[in-house]
Amino acid sequence: MKPDKSLNDGHGNEMALAELRRSLSCVDLACPGLDLYGHSTRVGDLATGLGRAMGLGERDAQLLGEAACFHDVGKLFIPVSTLGKPGPLAFDERSLIESHCDLGYNALANETGAFAEMARNIARLHHERYDGKGYPGRLGGTDIPFEARIVAVADVYDALRSVRSYKAQQSHEDTVGQIVKECRGDPGGFDPLVMEAFLDTQADIRAIWDRAMLSRIAATMKGCRERTG
Ligand SMILES: [Fe+2]
Ligand SMILES: [Fe+2]
């Protein structure tokens with residue numbers, strides 16, 4: 001499977017993007033339970049792995065992963081009290097959280113080049129579903145850009161495997177089972193070609209996630225040691 005177009009033709013405004021990455025990282029320092037930067041970088045690593053499995057060359061797979069790191073950048077503009085709320089969300093709170101897709105797109109709106117365009121597509125469309133039941137635009141099938149269809153699977157995989165304020169973590173096996181369940185319809189919730197690549201390489205996906213989580217824990221411990229001297 002080849003992507004619709006080469007992803008390897010530009011890298012946007014690196015200073016502005018580096019600043020956004022730093023801001024994501026600062027959220028984790030201030031509110032470690034949110035794990036926003038950790039989640040973003042793990043989704044980036046998983047997207048790179050899925051990109052490889054989908055036939056992208058190494059450089060394009062790396063760029064896809066780098067762009068995927070910005071998928072939740074819109075959450076920087078949502079109050080932490082809502083993002084980290086442990087209980088069920090009211091309608092307004094749910095709408096506010098769902099607005100992170102458009103907020104992320106807007107945060108990247110001034111960046112130029114193909115890389116920024118890919119990051120914008122991912123930020124706005126990573127919660128769209130292949131069956132047209134996602135948000136914010138209820139797009140379906142290949143109306144959803146290739147990069148967002150890949151990140152959708154990577155994002156759900158990490159979300160299910162991670163601890164959140166409102167849920168416990170799940171095993172790899174339970175996570176794969178739940179993602180497969182989302183694909184029972186015709187069409188299902190995820191791109192069938194991405195799902196085929198995901199299931200064919202799930203041992204690699206699991207290893208990528210384990211590695212990313214371990215390096216995240218090591219970085220957090222190092223940060224704690226430095227702060228406590
Ligand atoms: Fe998201
Ligand atoms: Fe996410």
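A residue is taken as exposed if 12 or fewer other C-beta atoms lie within 10 Å of its own, and as buried if 20 or more do. In this predicted model, Glu226 has 8 C-beta neighbours inside 10 Å and therefore counts as exposed. Glu226 belongs to helix α11. Its C-alpha atom is separated by 27 Å from that of Val43, and the two residues are 183 residues apart along the chain.

The interior was examined next. The largest nonpolar core contains 49 residues, and those with the most contacts inside it are Leu50, Ile122, Ile150, Val153 and Ala154. Two or more residues are given to this core by each of α2 (36–53), α3 (58–68), α6 (100–107), α7 (114–125), α8, α10 (192–200) and α11 (202–228). The largest share, nine residues, is that of α8. In soluble globular proteins, nonpolar side chains tend to be buried together. Around Leu50, when residues up to four places away in sequence are not counted, the contacts are Ile150, Val153, Ala154, Val194, Ala197 and Phe198.

Helix α8 covers residues 146–161, 16 residues in total. Its span from the first C-alpha to the last is 24 Å, close to the 22 Å expected at 1.5 Å a residue. Most of α8 is covered, with 13 of its 16 residues buried.

Two packed helices are described by the angle between their axes and the distance between the axes. For α8 and helix α9 (residues 172–181), the axes come within 9 Å and cross at roughly 135°. At this angle α8 is oblique to α9, and the crossing is right-handed. On the α8 side, the residues that meet α9 are Val153, Val156, Tyr157, Leu160 and Arg161. Their counterparts in α9 are His172, Thr175, Gln178 and Ile179. Val153 thus appears both in this contact and among the residues with the most contacts inside the core.

A further pair is formed by α1 (14–30) and α2 (36–53). The axes of α1 and α2 come within 6 Å and cross at roughly 130°, so α1 is oblique to α2. Here Leu24, Ser25, Val27 and Asp28 in α1 meet Leu36, Tyr37, Gly38 and Ser40 in α2.

The loop between α1 and α2 holds Asp35, which is not a glycine but has a positive phi of about 55°. Asp35 counts as buried because 20 C-beta neighbours lie inside 10 Å. A positive phi, of about 50°, is also found at Arg138, again not a glycine. Arg138 is placed in the loop between α7 and α8. With 12 other C-beta atoms within 10 Å, Arg138 is exposed, whereas Asp35 is buried.

The loop between α7 and α8 also contains Pro136. The peptide bond that joins Tyr135 and Pro136 is cis, with omega at about 10°. Another cis peptide bond joins Asp186 and Pro187, where omega is about 5°. Pro187 lies in the loop between α9 and α10.

Key:
Residues numbered from 1 in each chain as written. Chains lettered and ligands numbered in written order. Predicted model: local features only at pLDDT ≥ 70, side-chain atom pairs only at ≥ 80, totals over all residues. Helix = DSSP H or I, 4+ residues; strand = E, 2+ residues; numbered from the N terminus. Expected span 1.5 Å × (residues − 1). Core = buried A, V, L, I, M, F, W, Y, C linked by C-beta atoms within 7 Å. Contact = placed C-beta atoms within 7 Å. Axes fitted to C-alpha atoms, helices over the stretch in contact; angles between N-to-C directions. Parallel < 35°, antiparallel > 145°, perpendicular 65-115°, else oblique. Left-handed = near helix turned anticlockwise from the far one by under 90°.
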